Amino acid sequence: MTDTEQDILINAARTSLAQAERTAILTGAGVSAESGVPTFRGAGGLWRQYRPEDLATPEAFARDPKLVWEWYDWRRQRIAQAAPNPAHRALAQWESRKMGFTLITQNVDGLHERAGSLRVLKLHGDIWEVRCLRCGTTSRDERVPLPVLPPHCTCGGLLRPGVVWFGEMLPEDALQAAWRAAERAQVFLVVGTSALVYPASELPRVARNQGACVIEVNPAITALSSAAHIRLRGQAGALLPRLLDFS
Ligand code: OAD
């Protein structure tokens, strides 16, 4: 694609976004890639180095909580060193200026909130939360590194990361709100996800079936690309500030 063709697509996407009264955005690991947070698939991706069944399932945690926690502690340290990038900031600014805006993320890194996003539907939980397996209490713990692995609750129970693992249900409230936003959206913007993990991957298709214009921002072709009306090839940090600046 030439630069001129890409500019035409960007302008078409800008117009759709500016005119829409209800917009939903789904972000994935790619939105944080330029902040230095590794993605899961693709070059340098976490699932190229590690097996999800060893580190991101309830069974793995039951087998070896210390190993699982060492991996999460390492990820928390990487994320703590990262700062929100222009893509996170563009989305946060947009939320403050636009009604009918729903931000849905599969990311657990908290970078949307650190950029200033106030309402984020977190489908896969939050890496800065911990949940007690004995008393069920969820709390925030932002210490890096954690002083003792695996960490324990004040009640003595084992704490687990507040994230969704493979084979687990997504938080019901966030998923329902995301589904509703997809059904009502006039424009659905998908940023930096390989769109391979269900049910998040279904949301853009739900929106499309209800008549929404689906716009994809990703440097690569994904499982969703053929269903997108506008495909913008490039990095989120470069494209989102251009797409969302219609002051
Ligand atoms: P993936 O690692 O599967 O996909 C990341 C996507 O980001 C790829 O399509 C890349 O091409 C794209 N990408 C890379 N750099 C980018 C950039 N600068 N700008 C825009 N896009 C870029 O990550 P997710 O789709 O988020 O779940 O993965 C979904 C879920 O799978 C994760 O939430 C996690 C994982 O297993 C759980 O842990 C439950």
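Modeller: Before we start, a word on classes: Ala, Val, Leu, Ile, Met, Phe, Trp, Tyr, Cys and Pro count as nonpolar, Asp, Glu, Lys and Arg as charged, and the others, Gly among them, as polar. This is a predicted model, where local features need pLDDT of at least 70 and side-chain atom pairs count only at pLDDT 80 or more, while totals for chains, interfaces and linings use all residues. Residues are numbered from 1 along each chain as its sequence is written, and side-chain values use heavy atoms, with hydrogens and water left out.

Biologist: Thanks! How many residues surround the ligand?

Modeller: There are 23 of them, and the closest are Phe40, Arg41, Thr193, Ser194 and Asn218. A residue counts if one of its heavy atoms lies within 4 Å of the ligand.

Biologist: And by class, what is in that shell?

Modeller: The shell has 10 nonpolar, 11 polar and two charged residues.

Biologist: Which atom of the ligand is 2.5 Å from the side chain of Ser194?

Modeller: An oxygen atom, paired with an N or O atom of Ser194. Trp47 also has a polar side-chain atom 2.8 Å from a ligand oxygen, and for His124 a side-chain N or O atom is 2.8 Å from an oxygen of the ligand. A polar contact here is a pair of N or O atoms within 3.5 Å.

Biologist: Switching topic, how is the chain divided?

Modeller: Into domain 1 (1-37 + 84-124 + 170-247) and domain 2 (38-81 + 126-163), with bounds from an automatic or database domain assignment. Their C-alpha centres lie 26 Å apart.

Biologist: Why does the ligand lie between them?

Modeller: Because domain 1 and domain 2 both give residues to the shell around the ligand.

Technical notes. A polar contact is a pair of N or O atoms within 3.5 Å; within protein, one must be able to donate a hydrogen and the other to accept it, and residues adjacent in sequence count only if both atoms are side-chain atoms.
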